[in-house]
Amino acid sequence: MAVATREAMLYEKMSHSRTRCNVCQWRCVINPDKMGVCRMRQNKNGIIYTLNYAQASSVAVDPIEKKPLFHFHPGTLVFSLGGWGCNFHCQGCQNWQISCVDMAQPEAGSRTISPEQAIEMAKQNHCQGIAWTYNEPTMWFEYTLDSAELAKKNDLYTVYVTNGYATPEALDALGPYLDAWRVDVKGFSDELYRRVAKISHWRGILEVARRARHKWNMHVEVVTNIIPTLNDDDQQLEGIARWIKNELGELTPWHITRFHPQYQMMDLPPTPISTIEHAYEIGQKAGLKFIYAGNIPGHHSESTVCYSCGKTAVERFGYQARVAGLDGSKCKFCGAELNFRPSGNARRSS
Ligand code: SF4
């Protein structure tokens with residue numbers, strides 16, 4: 001694979017040819033000839049280069065519901081692109097084959113897709129938007145920024161499926177061109193983030209999500225993968241649910257998904273459905289209006305039911321969605337605000 005090298009954005013030059021990368025909250029200080037924690041950015045003679053511009057690991061046409069995004073252009077197809085690498089090292093990573101790589105020794109299977117080609121492919125495949133997903137999108141930040149700008153010029157919506165560890169500066173660069181911030185909040189304790197993701201200072205994730213919502217008016221949905229013994233205690237679940245309600249608003253969707261053993265977490269069992277039901281109740285008690293159980297096809301929470309009149313606004317089964325009762329962002333039957341971003345009005349509908 002050809003390594004796609006170009007000068008990075010958002011870095012500072014320091015003494016003795018050292019550099020500091022400000023794309024994610026690691027804010028790595030990188031010595032000459034060394035790489036950042038993500039192994040995607042390298043200091044060469046005092047300049048940081050990204051090694052993976054436009055290098056895709058995965059390409060698919062997905063229902064938007066698969067991200068999961070339930071209140072954002074329901075029923076549409078999204079052109080989904082994954083790159084390489086990650087700034088987290090999660091023991092239960094679902095996509096470790098593409099996340100745990102080193103661009104100095106790149107894997108086979110990479111494909112160069114320029115921003116122009118990505119937009120063209122999205123249109124050819126009848127997609128209404130484009131998502132950077134499967135691995136952490138800030139890993140190819142410059143590429144997603146160029147692509148998002150071009151996507152907006154072509155009337156496509158834009159989505160980040162992210163661990164949320166971008167810096168405020170990175171978010172602000174993306175802000176004018178990014179419509180949705182689908183963020184993981186993995187738990188609500190230092191211990192959890194240290195153990196699961198090897199991150200010490202995780203609270204910046206919450207601040208950046210708030211900023212995405214309030215400064216940039218992005219559509220935000222939160223996912224918590226509930227892992228037995230790690231983040232299934234009431235204290236953490238209540239902490240997440242209350243934070244969503246207080247900081248993002250009661251109409252923000254919270255996806256509570258079932259964990260399945262994988263990668264370095266094969267010793268844990270799948271999440272019992274009773275645990276997901278309990279988390280659901282915790283979300284309801286906290287005042288959240290839209291809580292969705294994930295990885296349980298056919299679960300009663302899959303569809304969106306209006307909290308005001310009790311009628312179904314969007315009917316779902318798995319990744320299939322049928323809009324049954326929406327009028328813009330509101331319930332068609334009673335007019336209650338349901339926080340939907342409908343097609344053709346991505347930034348201004350809520
Ligand atoms: S993007 Fe990579 S190099 Fe930059 S701060 Fe994050 S982990 Fe470090």
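**Exercise 1. Work out what covers the buried residues of α6 in this predicted model.**

Step 1. Start with the helix itself: α6 spans residues 204–214, and its buried residues are I205, V208, A209 and A212.

Step 2. Check how they sit around the axis. The arc they cover is only 100°, which puts them on the same side of α6. That fits a general rule: an α-helix has 3.6 residues a turn, so residues three or four places apart point the same way.

Step 3. Now look at what packs over that set. The cover includes two helices, α4 (168–174) and α7 (234–248), along with the strands β13 (180–184) and β14 (219–226).

**Exercise 2. Find which residues touch the most other members of the largest nonpolar core, and say where this core lies relative to the domains.**

Step 1. The core has 97 residues, and I130 and A170 are the ones that touch the most other members.

Step 2. Both domain 1 (6–50) and domain 2 (55–331) give residues to this core, so it lies between them.

Step 3. Zoom in on A170. Skipping neighbours within four places in sequence, its contacts are L10, V23, C24, T138 and F141.

Step 4. Don't lump everything together: there's a second, separate core of seven residues, with V314, A321, L338 and F340 among them.

**Exercise 3. Describe how domain 1 and domain 2 meet.**

Step 1. Take the bounds from the domain assignment: 6–50 for domain 1 and 55–331 for domain 2. Their C-alpha centres are 27 Å apart.

Step 2. Count the contact: domain 1 puts in 14 residues and domain 2 puts in 19 residues.

Step 3. Sort the domain 1 side by class, and you get ten nonpolar, three polar and one charged residues.

Notes: Residues are numbered from 1 along each chain as its sequence is written. This is a predicted model: local features need pLDDT of at least 70, side-chain atom pairs count only at pLDDT 80 or more; totals for chains, interfaces and linings use all residues. Domain bounds come from an automatic or database domain assignment. Two residues are in contact if their C-beta atoms, placed from the backbone, lie within 7 Å. Ala, Val, Leu, Ile, Met, Phe, Trp, Tyr, Cys and Pro count as nonpolar, Asp, Glu, Lys and Arg as charged, and the others, Gly among them, as polar. A residue is buried if 20 or more other C-beta atoms lie within 10 Å of its own, exposed if 12 or fewer, and partly exposed in between; C-beta atoms are placed from the backbone. Helices (H or I, at least four residues) and strands (E, at least two) are DSSP runs, numbered from the N terminus. The arc is that of the directions from the helix axis to the C-beta atoms. A nonpolar core is a set of buried Ala, Val, Leu, Ile, Met, Phe, Trp, Tyr and Cys residues joined through C-beta atoms within 7 Å.
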